[in-house]
Amino acid sequence: MPLLEVLGYGTGRYPRNVSRRLRVLNITCWGTALVWLGFAAYYLTDFKFRTVVLVDAGIAVLLFGVPLLHRIGPNAAAVAFLLVSYLGIFIVCLFIGTDSGMQLEYLAFAAGAVLVLGVERVAPPLIVGIFSLAFVLALEIFAPHNSGLLSKREMLGVFIAVVTATTTIMFAVVFYAVREAARSEAIAEFEYTRSESLLTNVLPAAIAARLRSGATHVIADHHEDASILFADMAGFTAEASQTSPVQLVGFLNEVFTVFDQLVERHGLEKIKTTGDNYMVVSGVPAARPDNAAALVRLGIEMLDAAGRLHDPHGRAVSIRIGIASGPVVAGVVGVKKFFYDVWGDAVNVASRMETTGVPGRIQVSPEIYMQLSEQFEFECRGPVDVKGKGKITTWLLVGPKAPSVRSVS
């Protein structure tokens, strides 16, 4: 049987934190039992110590069997260990005297009780500490300093052995406690870092900082000038019905991962993905004067990236992109599964620019055309019926305008 299974005897039925304490108790019981056996063997050759030998051997046997009590409850073995050890030390001290230093072991048990009994409740380890003090005082009052069974030299040897064992136990208790505290702090720090990373993945960094500060319960901001991009895969619905769920999710993950990298490179904010629909904003939450141009440049790179991708059936990926600009409101919605979103007429128009767009092209609203007509080439598509807006003249992006070259005379 592996050593860890032996040390964990009887602890498997308990939660991890309780099981860890009980494993410590098992090690303490068996280690202490070996010490008692060692003393019994040391005194075995001298008949005058027969009572001490019997007490030491009996305590060792009882301590070896203490872990059997784990089946009764999480504290049964700990209580039995303390009773056996406390009474055993008291009896032996009465026989050989307090100069042996055995009463010092009560201090080690008081410290160990904190580990074994836990800190969820203060009373149990506190009671053990009080009993430890009471037993030490009782021995000083009722036990002789040296009963005469041991010579001064022998008593010194026992004292050194007891002090060494007690110091070792105290060191082990403190070391274990400090190590567990350091481990818990490391785990807490890791979880905090991970939660912070998840928060900034869900929300823009500036919004996440405001949410953490708790300065306001409602985050809602008005942005007078922002641009919104929607991208959608042409023919995705038919594609989804012909693809296995695993392949479909893997394909979407591949495409959106590429898009996410582009968004991050351009310093823009991805808002959400819904099915195969991808939404990005520019000028939110931080204003930027080139919000429309930045989003158009992103759209161009998204079309280029999609052209290099293939669906699960080996066909080229074709996307439609729509872009519009105007005033919007942005904020955080929800308490548990919160999300950051953007609302406004410009959002609706951008969505319609995508749904009425042309596969492989970027369709823009009149506001985008008016802002960027000097930087980019557009071709007029003419009036397009936009739900909720009627007929709107839209433009399809051709590409960036070539820089003008001045003639040199």
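Which residues line the largest cavity? In this predicted model, a search of the whole structure finds one cavity of 30 Å³ or more, and the volume of the largest cavity is about 30 Å³. Its lining is made up of Trp36, Phe39, Tyr43, Asp56, Val92, Ile96, Met102 and Val158. Helices α2 and α4 each contribute at least two residues to the lining of this cavity, and α2 gives the most, with three residues.

One of the residues lining the cavity, Asp56, also belongs to the buried residues of helix α3, which are Val52, Val53, Val55, Asp56, Ile59, Ala60 and Leu63. These buried residues cover an arc of only 165 degrees around the axis, which puts them on the same side of α3. The general geometry behind such an arrangement is that an α-helix has 3.6 residues a turn, so residues three or four places apart point the same way. The face of α3 turned away from the buried side carries the exposed residues Leu54 and Val61, whereas the cover over the buried residues includes α2 (16–43) and α4 (76–96). Helix α3 itself runs over residues 50–65, and its 16 residues reach 23 Å from the first C-alpha to the last, close to the 22 Å expected at 1.5 Å a residue.

Helix α4, which takes part both in covering α3 and in lining the cavity, has 21 residues and reaches 30 Å from its first C-alpha to its last, close to the 30 Å expected at 1.5 Å a residue. Just after α4, Gly97 takes a positive phi of about 110 degrees.

The aromatic residues offer another way through the structure, which holds nine aromatic pairs. Tyr86 and Tyr106 form an edge-to-face pair, with 4.7 Å from centre to centre and 70 degrees between the planes. This pair links distant parts of the chain, since Tyr86 is in helix α4 and Tyr106 is in helix α5 (residues 105–117), 20 residues apart. Both tyrosines fall under the 20% relative accessible area that defines a buried residue: Tyr86 counts as buried at 6% relative accessibility, and Tyr106 counts as buried at 0%. Tyr86 and Tyr106 also join Phe90 and Phe135 in one aromatic cluster.

How are the rings of Phe256 and Phe259 placed relative to each other? Their centres are 6.4 Å apart and their planes stand at 45 degrees, so the pair is tilted. Phe256 and Phe259 both lie in helix α10 (residues 245–266), three residues apart, about one turn of the helix, and both residues are buried.

Phe259 leads on to Met302, because Phe259 is among the contacts of Met302, a residue that counts as buried at 0% relative accessibility. Met302 has its place in helix α11 (residues 291–307), and, leaving aside its neighbours within four places in sequence, it is in contact with Leu229, Ala231, Phe259, Leu262, Tyr278, Ile319 and Ile321. The C-alpha atoms of Met302 and Val398, which are 96 residues apart along the chain, are separated by 15 Å.

Ile319, in contact with Met302, is also touched by Asp232. Asp232 lies in strand β1 (residues 220–233) and is buried, with a relative accessible area of 10%. Not counting residues up to four places away in sequence, Asp232 touches Asp276, Asn277, Ser318, Ile319, Arg320 and Glu354.

The remaining feature is the largest pocket, in which about 680 Å³ of space lies. Of the 34 residues that line this pocket, the closest to its centre are Val24, Ile27, Thr28, Ile169 and Ala172. Helices α1 (3–7), α2, α4, α5 and α7 (152–202) each supply at least two residues of the pocket lining, and the largest share, eleven residues, comes from α2. Helix α2 thus recurs along this route: α2 gives the most to the lining of the largest cavity, helps to cover the buried residues of α3, and supplies the largest share of the lining of the largest pocket.

Technical notes:
Residues are numbered from 1 along each chain as its sequence is written. This is a predicted model: local features need pLDDT of at least 70, side-chain atom pairs count only at pLDDT 80 or more; totals for chains, interfaces and linings use all residues. Side-chain values use heavy atoms; hydrogens and water are left out. Helices (H or I, at least four residues) and strands (E, at least two) are DSSP runs, numbered from the N terminus. The expected span of a helix is 1.5 Å times one less than its number of residues. Buried means under 20% relative accessible area, exposed over 50%, partly exposed in between (1.4 Å probe, protein chains only). The arc is that of the directions from the helix axis to the C-beta atoms. Contact means heavy atoms within 4.5 Å. Rings of Phe, Tyr and Trp (its six-membered ring) pair if their centres lie within 6.5 Å; planes under 30 degrees apart count as stacked, over 60 as edge-to-face and the rest as tilted. On a 1 Å grid over the protein atoms alone, a cavity is a set of points where a 1.4 Å probe fits but cannot get out, and a pocket is an open set with protein on both sides within 12 Å along at least five of seven lines; lining residues have an atom within 4 Å of a point. Grid points are joined across faces, edges and corners, and a volume is the space filled by probe spheres set on the points.
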